[in-house]
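Biologist: I should be grateful for a close look at one helix of this protein and at what surrounds it. Please add whatever helps to place that helix in context.

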Amino acid sequence: MAFPITRLRRLRRTATLRRMVRETRLAPDDFIQPLFVCPGRDVRKPIESMPGVAQLSVDLAVREARATFDAGVPAVILFGIPAHKDSTGSEAWSDSGVVQTAIREIKAHVPDLTVITDVCLCEYTDHGHCGVIKDGDVDNDATLELLAREALSHARAGVDIVAPSDMMDGRVGAIRKALDQNNLVHVPIMAYSAKFASAFYGPFREAAESTPKFGDRRSYQMDPPNGDEALREVALDLEEGADIVMVKPALAYLDLIYRVKSEFGCPVAAYNVSGEYAMIRAAGLNGWLDEERATIEVLTAIKRAGADLILTYFAKDVARKLK
Ligand code: PBG
């Protein structure tokens with residue numbers, strides 16, 4: 001039935017009508033809040049390129065975790081900035097490392113908050129790459145063992161979900177095996193499955209102090225033009241035991257969020273990354289766009305595309321507004 005009988009504007013006339021036929025609703029439950037944890041006490045080190053985001057020492061991270069949970073957000077994902085870096089990133093699997101300490105403290109003080117950890121070596125290596133270097137490139141198979149050790153150490157500290165973000169081949173299987181052999185069969189893996197070598201990670205690397213000292217991440221992270229390959233990455237991660245798969249970044253890859261959700265029907269996370277946050281904040285602070293509306297619009301689009309979970313630096317603030 002077409003015009004003039006069908007008039008789609010009829011259901012747009014009032015705010016209440018629009019509410020009634022709204023197809024996608026954002027809720028605090030959709031979000032995961034990233035936190036950057038650094039050594040020390042009472043340390044709050046703002047990230048210049050991410051206004052409103054700071055590295056926090058464990059004591060302040062616990063407070064922030066509490067405030068995030070109170071805003072209705074069910075989960076945080078932790079990134080560690082270690083006191084010392086070395087060529088293998090050995091602080092990544094230190095049981096007294098900054099992330100391991102943060103896991104224990106947050107679980108002790110906010111037990112119902114789901115604590116996720118990013119499992120990667122780039123924050124811990126002195127060269128800033130996501131694995132060990134051999135002949136000028138990251139050595140895949142030697143890195144797997146270290147990632148498994150790191151994930152095991154997080155799980156022993158009490159983490160609820162581990163999230164490998166390194167993009168080595170076979171790392172989900174290696175981590176699953178290590179967890180299962182150590183009576184940690186119940187710990188889920190959220191795999192950064194379709195993770196692209198993106199310009200939008202720039203501000204994060206300031207936040208996590210993880211900029212590569214040479215080269216870039218293109219020999220392990222995906223090439224942005226490739227969509228079919230993203231589906232292959234997801235399929236492999238699911239075969240290896242991933243419980244949740246992720247597409248990252250979100251905004252330039254909405255097609256892949258949609259394809260992954262349609263093809264696999266599994267829980268899909270999308271990472272609204274640092275550069276996506278920085279763009280909106282910068283334009284907002286300049287008065288160039290309505291920051292709150294732009295944020296809600298973007299997060300709604302990510303959910304509409306098919307994401308069940310959205311990792312976003314806006315999580316706590318948006319959750320408060322939605323409440
Ligand atoms: C670690 C990691 C990165 C991000 C999440 N985990 C950086 C990178 O791969 O360079 C990016 C998150 C963001 O930009 O918000 N490998």
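Modeller: The account below begins with confidence, turns to helix α3, and ends with two loop residues. The model is a predicted one. Its protein chain has an average pLDDT of 97, and 100% of the residues score at least 70. Mean confidence is lowest in α6, at 91, and highest in strand β11 (residues 268–272), at 99.

Helix α3 covers residues 98–109, which makes 12 residues. At 1.5 Å a residue the helix should span 16 Å, and because its end C-alpha atoms lie 16 Å apart, expectation and model agree. The buried residues of α3 are V98, V99, Q100, A102, I103, I106 and K107. Their cover includes the strands β1 (31–38), β4 (75–80) and β5 (114–119), together with the helices α2 (58–70) and α4 (140–156).

Strand β1, part of that cover, also helps to locate V21, a residue of the loop between α1 (15–20) and β1. V21 has a relative accessibility of 42%; it therefore counts as partly exposed, the class between 20% and 50%. With L11 and M20, V21 makes a nonpolar surface patch of about 300 Å².

A second loop residue, Q221, lies between α6 (202–208) and α7 (228–239). Q221 has a relative accessible area of 4%, so it is buried, the limit being under 20%. Leaving aside residues up to four places away in sequence, Q221 touches M167, K195, F196, A197, S198, Y201 and R205.

Notes:
Residues numbered from 1 in each chain as written. Predicted model: local features only at pLDDT ≥ 70, side-chain atom pairs only at ≥ 80, totals over all residues. Heavy atoms only, no water. Helix = DSSP H or I, 4+ residues; strand = E, 2+ residues; numbered from the N terminus. Expected span 1.5 Å × (residues − 1). Buried < 20%, exposed > 50% of the residue type's maximum accessible area, 1.4 Å probe, protein only. Contact = heavy atoms within 4.5 Å. Patch = residues over 30% accessible without salt bridge, like charges linked within 9 Å, V, L, I, M, F, W, Y side chains within 5 Å. Areas by Shrake-Rupley, 256 points an atom, 1.4 Å probe, with all protein chains shown as cover. Salt bridge = Lys/Arg side-chain N within 4 Å of Asp/Glu carboxyl O. pLDDT = per-residue confidence, 0-100.
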